[in-house]
Amino acid sequence: MENKKTVLVIGAGPAGISAAKSLANDNISVTVLEKEDTFGGNINNWAKLFPNFKDAGEVKSSLIQNFVNNQNIKIVYNKKVTELKKHNQKWIANTSDGEVFESDAAILSTGFKVFDAQYKEELGYGIYPNVITSVEFEKMYKNGKILTVQGSVPKKIAFLNCVGSRDEKVGNHYCSRICCIAAVKQAIEFKELYPQSEAFIFYMDIRMAGQFYEELYRKSQEKHGVVYIRGRISETSSTIDKKVQIKAEDTLAATPLRMTVDMLVLMIGVEASKSTTILSKQNNIDGPYGFAKSKDIHTADNYSNENGLFLAGSCKRPLTLTETIADGKSAAISVVEYLKQTK
Amino acid sequence: MKNWGFKIPDSRTLDLDKEDLKLYNKIVEKVPSARRCIMCGMCSATCSAANHTNFNFRLVHHKFRMGMFESLASELDKCMLCGKCRMLCPRGVNTRAVIYNMRIILDNMYYKNI
Amino acid sequence: MNYNPFIIPFTTGAIILFAIIIYKFIAWYRKLDKKQRFYLRKNILTFKSIEAIKESFLEALIHRNIYKKNLLLGYMHMSLAFGWFLLIIFGKIEASLHAQTLFEEPWLAIFFRYFVRDEHKFFMSEIFPPLMDFLLLVILSGVLLAWLKRFSSSLLGMKKTTRHSKFDKIALASLWWIFPLRLLSESSTAALTGNGSFLTGTVGNLMAVLNLQYFEIYFWWAYSICLFAFFVSLPFSRYMHIPTEVVFIFLKKWGATAGEEYSGYTDFQLNACSRCGICIDVCQMNFAANIQNVQSVYFIRDTRYKHLKDETANNCLMCGRCVEACPVGLELTVIRQQLRNKKEIAGKHYYDYTKPQEADKKYDIVYFAGCMTHLTPSIIISMKKIFEEAGINYWFMDENKGTCCGRPMRQQGFIQQSKDLISINQKLINSSGAKTLVTSCPICYKSFKEEYVLDIEIKHHSEFINELIENNKIKIQNSQKSIVYHDPCELGRGSGIYEEPRNILAKVGNLKSSEFEKQNSLCCGGSLSNAIIELEDQIKIRNHALENLTACNPDILATACPLCKKTFVHGNKAKVMDIAEIIAENISLQNQSSKHKEKNKIKTKIEL
Ligand code: SF4
Ligand code: SF4
Ligand code: SF4
Ligand code: SF4
Ligand code: SF4
């Protein structure tokens, strides 16, 4: 082949990695632009993955096989794409440090960011030290311990679902899809670490629509005695010894509920990352909530309305890791289709 | 009290074959967001009146929706209209408007004619 | 006697007009409440009446306040009102001088040129024709502007102009034609007799070219009929504001205020509205959320014509922007609250379920955070820190089980419920023996100030903190951050507190100004007074306000109200902080106790 086609992949998270690998397999020359100094994206935040508690690091290392040392893949770190534009059938990416990349097609795999829980001031995040987010829980768990700010093992821990999701007040009407199962997973992890402690999950609806999710939910009830309370926490406050006081309603009993826990974990939702919003706006493919919009959710989910610009992973909507990896591959197939047509 | 064409169910069962849920439409006409409620309980958890007494706006709303009107009017009188519920409601329900429209229908209050 | 049948329409019209106006005024006067009558009696023979005359002159004739909005619009109103007024006065003088009595036929002044056709001289007779012509010219220029305003309201600085009722249309049409017809009548007479001056004389000569002067009598008839139509429709149209505004100004000067209940004073106010439409342009419901037909002018109109719908009465933020802008100075939000009044169940006691916990000992200061403040715990924590730092012996009255201040109830028209809440809180406050009540919520603040009977000083936390700083009770350092301050409606326009917050902020940061501030500040959209507006529209209002407030990209958007804070935070545009938080963050811990140090340590720990 004399004229090798080139593709730009923006974002080296799971979607970007799996797309780049598939393209490279098809002997296409891929340049991956990553804004951080390492690959993996949000996968780096997790310790173990639902539904099978597989180590996130392991998943990552099998994911990057044939990625880092692939002769068809060039990975460039610390490159934040500030502008992505089509020009004469070519895709041009400008980065914040002034460099310019050019290619025949581009894949947006800019992923998601987590909701900033400080917007929900009444929940006390950033005010009371023992109110933490699910991401911080993962970090602690990675280090093998879940401890309160005073350094003790929480006797009681509560998880609150839907923080920043399904919330019209912060403008996010949608369900983030991953936090219910993540709460179940984290509650089990916590109980496995500290069987003597108690775990409570405050939920509105338990959404277990994935393979083995329901089983995990069942296990958390049966084996670990996690208590599920149907009601959204309205406010928290702090006791003198830094415990978190919770105000909620047990909606099944139609009774106000007060409880004091040592730690409250906010299951923060998924939002479009800044790059996703900016780059999709530039190309008029922005959908609701700042996510990128695919051409057709059923039949052309990796295509965008802009010819030659493809979408992979959670830049479109909240997805699980499983779905994201598959979606990267699927995006690669779409790109190959497109490149064949535009010989 | 004006007769709105509903009667208080006397049995223990909520019999939806017999109950007419149309009165709720009067609320929805005035407060379209009322239908969005997912009964999450955030409003009733934060409620200023519920700090003092067993008033539960979510439950009153739900009962009204399902045609169980018994003693709702005097329940609604406990609300202070402080607005905390509305500030928190994740579904953007205009709770205070729901409250006082229910109150108007149940108590047949009306605006003063001048 | 100077008589011609064409004076009959005018004279009848004038009699009907005066009869109706007097009838209405008496009816409204009898509906005034005790307090309003008391002030009236007390002040009628004082200097205040002279002030009222001056004010009526400036407002009802010169239209000073409309000038402030737009010069051309002011001129239009003034030329019509003041011009016509002078025309009547000088017409009367001319007629009286001519007839050499003060009691000539009442219509003589109006139809003077028709009846006095000769060159007959009397004292100063030569100055009147040019003077009257000049006044007519001024009025005609105003009429021309009024015509233009109908076609393009933006010309006169107005974005929206009001729609008309049936009577308005009759009155307006006749008003448009009165002066052109007067010109034609006088000119045709001038063409026949030569008694015209520079305007009527010239127009008369032009008419003579077409031989129109022979229709003289018909022009006078038309003029008289137009006057009749105007007079008879006036009491039922917007033009009722002309006589009513004058009475309103007197009542206001004498000290009347709108109370809780609808009264005769409300009637005066409803009728004093000129339907100028200025309140539409300043209303965020209109320009940010595009909700029409609820603004004050519509509300007043609907109330006056008795077809007020509760949607109109309730769909208002009570932000007070229109009150600030209204050139007549009507108490628009108070009237709205009166109209929201709900029937009460006599003797019923609400909220007897509360078991208020009175103060356990005596304190210097009571702190009442307010319901909403409990959803912004940072404000509470900051206030605690400030109190402790200043070494104040305070009682946090609603720390656990607060009772609402009662203002939200009142604003929705549930007066009885509001009174019940007030009496609960009053008892608690008095039990503390404190001399000062500090609150973090402007809504509570206004309520405490205006609706409670308390023998205690009431301060919003911005006033309180300002005093602490001035008295050196706390020390603060300047963070050099740029700050824009948003005036909460109830604190700014509602209570007139503009300087204290700015004073404080200028000491902790670099205070920048924004397009909408002080009297002109915007509502955040979260107002509790509007129980109808849906979230979608609140968001439009909020986003518009945020856009304007953060135009200069400040580090912090400061406010002094938990409701504003929460509303703006959800807008996700800038870092929003309450004044108390900013101060607590920049307090230099002088008399720092070990307790404080420990707190700070833990705080840095979280941030890591
Ligand atoms: S997945 Fe569960 S916790 Fe997450 S937003 Fe959806 S319902 Fe809420
Ligand atoms: S907070 Fe809103 S959605 Fe939740 S129960 Fe109350 S009204 Fe319904
Ligand atoms: S407005 Fe009424 S129902 Fe809502 S929180 Fe206040 S007291 Fe409770
Ligand atoms: S209320 Fe005031 S501003 Fe509004 S139309 Fe009437 S006079 Fe004008
Ligand atoms: S008070 Fe505010 S919202 Fe109400 S009519 Fe006046 S400007 Fe509009």
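This is a short conversation about salt bridges, ligand shells, a hairpin and an interface in a predicted model.

Student: What should I keep in mind about the model and its numbering?
Tutor: The model is predicted, so local features need pLDDT of at least 70 and side-chain atom pairs pLDDT 80 or more, while totals for chains, interfaces and linings use all residues. Residues count from 1 along each chain as its sequence is written, chains are lettered from A and ligands numbered from 1 in the order in which they are written, and side-chain values use heavy atoms, with hydrogens and water left out.

Student: Why is the pair Glu121(A) and Lys565(C) called a salt bridge?
Tutor: The term asks for a side-chain nitrogen of Lys or Arg within 4 Å of a carboxyl oxygen of Asp or Glu. Here the closest N and O atoms are 2.6 Å apart, so the pair qualifies. Glu121(A) sits in the loop between β10 (112-114) and β11 (131-133) of chain A and Lys565(C) in helix α26 (residues 562-570) of chain C, so the bridge joins two chains. Helices (H or I, at least four residues) and strands (E, at least two) are DSSP runs, numbered from the N terminus.

Student: What makes Glu121(A) buried?
Tutor: Buried means under 20% relative accessible area, exposed over 50%, and partly exposed in between (1.4 Å probe, protein chains only). Glu121(A) has 7%, so the word buried fits. Its partner Lys565(C) is buried too, at 4%.

Student: How do you know that Arg207(A) and Asp205(A) form a salt bridge?
Tutor: Their closest N and O atoms are 3.8 Å apart, which the cut-off accepts. Arg207(A), at 35% relative accessibility, counts as partly exposed, and so does Asp205(A) at 29%.

Student: Why do Arg207(A) and Asp205(A) belong to the shell around ligand 1?
Tutor: A residue is near a molecule if one of its heavy atoms lies within 4 Å of it. Both are listed around ligand 1, along with others including Cys162(A), Cys175(A), Cys179(A) and Cys180(A). Strand β12 (156-163) and helix α4 (179-193) of chain A each give two or more residues to this shell.

Student: What makes five residues of that shell nonpolar?
Tutor: Ala, Val, Leu, Ile, Met, Phe, Trp, Tyr, Cys and Pro count as nonpolar, Asp, Glu, Lys and Arg as charged, and the others, Gly among them, as polar. By these classes the shell has five nonpolar, three polar and four charged residues. Around ligand 3 the split is nine nonpolar, two polar and one charged.

Student: How do you know that β7(A) and β8(A) pair?
Tutor: Two strands pair if DSSP finds at least two bridges between them. Four bridges join β7 (residues 90-95) to β8 of chain A, and the strands run antiparallel. Glu102(A) in β8(A) is the bridge partner of Ile92(A). Within this hairpin, Gly98(A) takes a positive phi near 90 degrees.

Student: What makes chains B and C neighbours?
Tutor: Contact means heavy atoms within 4.5 Å, and 34 residues of chain B are in contact with 47 residues of chain C. The buried area, that is, the accessible area (1.4 Å probe) that two parts lose on being put together, summed over both, is about 3,500 Å² for this pair, and carbon and sulfur atoms give 59% of it. There are also four salt bridges between these chains. Glu536(C) meets Arg36(B) at 3.1 Å, N to O, while Lys30(B) meets Glu311(C) at 3.3 Å.
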